[in-house]
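Me: Could you take a close look at one part of this protein with me? I'd like a connected walk from that part out to its surroundings.

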Amino acid sequence: MGEPVDFRDEIRTIISSIGEDPEREGLAKTPDRVQKAFRFLTQGYTQNADRLLNDALFSVCYDEMVIIKDIDMFSLCEHHLLPFFGKAHVAYIPDGKVLGLSKVPRLVDMFARRLQVQERLTVEIAQCIDEKVAPRGVGVVIEAMHFCMIMRGVEKQNSVAVTSCMLGAFREQQQTREEFLSLIKQKHTGLG
Ligand SMILES: [Zn+2]
């Protein structure tokens, strides 16, 4: 247990350690800016699903697939602290309960605004919906580009990583899975 770490002092240390002068004009306020940016980009740690989904579960007689696709997603790779970003596609088949539509992007944000790997982000979104909405099935696909890949090595500049998590009916029924995958292909992502 040392002294509490001052985030801005740590950023000043990083700036010095790469051979820059943290006191020069352009960098003097950088530690404050970085602190603000990191607070925003990691605010998912201060949120939880129960609070976020509070009052947003509705009983309905609807048992067709609900799809929210092309959700803009920005996260930070936990291996390099560099951004990865792209689109998330979320689908589920209700079993008596649906989620307010606007809550799905907010759920994606909550998990994305933490230090992540894309695979875990995908699974966490799917498992959260599975747990809170108890649907017949849930599927999540994320397509993303990683700065830690695209900024290093020309041949990787256009590579998009695709991850998916299929639970319940989406895992068990090929037809359900294919319906979801074909519906999210009807688009252009602007990626790649
Ligand atoms: Zn990385």
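Where does Asp 70 lie? Please start there and work outward.

Reply: Happy to! One thing to keep in mind throughout is that this is a predicted model. Asp 70 is part of strand 2, the stretch made up of residues 66-77. It is a nice place to begin, since the backbone there catches the eye: phi of Asp 70 is positive, about 60 degrees, even though the residue is not a glycine. As a rule, residues other than glycine mostly have a negative phi. In terms of exposure, Asp 70 falls in the partly exposed class, because its relative accessible area is 27%.

Asp 70 has a counterpart in this respect outside the strand. Asp 55, which is not a glycine either, has a positive phi near 70 degrees. Its setting is a loop, the one between helix 4 and strand 1 (57-59). With 67% relative accessibility, Asp 55 counts as exposed.

Now let's move along strand 2 to Ser 75, which belongs to the same run of residues, 66-77. Is Ser 75 buried or exposed? Its relative accessibility is 5%, and the cut-off for buried is under 20%, so Ser 75 counts as buried. A polar atom of its side chain sits 2.6 Å from the backbone oxygen of Ala 112. Setting aside residues up to four places away in sequence, Ser 75 touches Leu 82, Pro 83, Phe 84, Ala 112, Arg 114, Gln 116 and Leu 121.

Ala 112 takes us from the strand to helix 5, where it is one of the buried residues, together with Lys 103, Val 104, Leu 107, Val 108, Met 110 and Phe 111. Helix 5 spans residues 103-112, and 7 of its 10 residues are buried, so the rest of the structure largely encloses it. What do those buried residues pack against? Strand 2 is among the partners, and so are strand 3, strand 4 (97-99), strand 5 (115-116), helix 4 and helix 6 (118-133).

Two of the residues just named lead to one more stop on this side. Gln 47 is in contact with Met 110 and Arg 114, leaving aside neighbours within four places in sequence; Met 110 is a buried member of helix 5, and Arg 114 is touched by Ser 75 as well. Gln 47 itself is placed in the loop between helix 3 (30-41) and helix 4 (49-53). Its relative accessible area is 27%, so Gln 47 is partly exposed. Gln 47 and Arg 113 are 66 residues apart along the chain, yet their C-alpha atoms are separated by 9.8 Å.

Back on strand 2, follow the strand to residue 77 and you arrive at the zinc ion. Cys 77 coordinates it through SG, alongside His 80 through ND1 and Cys 148 through SG, at 2.1 to 2.3 Å. Along the chain, these donors follow the spacing C-x2-H-x67-C. His 80 lies in the loop between strand 2 and strand 3 (83-93), whereas Cys 148 lies in helix 7 (residues 147-150), so this pair ties together parts that are 68 residues apart in sequence. The two are covered to different extents: His 80 is partly exposed, with a relative accessible area of 37%, while Cys 148, with 10%, is buried.

Beyond helix 7, the chain enters the loop that runs to strand 7 (161-168), and Asn 158 is found there. Asn 158 counts as exposed, with 58% relative accessibility. Its C-alpha atom is 9.7 Å from that of His 146, and the two residues are 12 apart in sequence.

Finally, let's step back to see where strand 2 sits in the whole. The protein has 9 helices and 7 strands, and its C-alpha atoms fill a box of roughly 60 × 40 × 30 Å along the principal axes. Of its 192 residues, 40% count as buried; Ser 75 is buried too, whereas Asp 70, on the same strand, is partly exposed. Contacts across the chain fit the theme of our walk: among those between residues at least 6 apart in sequence, 69% join residues at least 24 apart. The protein exposes about 11400 Å², and carbon and sulfur atoms supply 52% of that area.

Terms used. Residues numbered from 1 in each chain as written. Predicted model: local features only at pLDDT ≥ 70, side-chain atom pairs only at ≥ 80, totals over all residues. Heavy atoms only, no water. Helix = DSSP H or I, 4+ residues; strand = E, 2+ residues; numbered from the N terminus. Buried < 20%, exposed > 50% of the residue type's maximum accessible area, 1.4 Å probe, protein only. Contact = heavy atoms within 4.5 Å. Areas by Shrake-Rupley, 256 points an atom, 1.4 Å probe, with all protein chains shown as cover. Polar contact = N/O pair within 3.5 Å; in protein donor to acceptor, adjacent residues only side chain to side chain. Donors = N, O, S within 2.8 Å, 3.2 Å for Na, K, Ca; no water.
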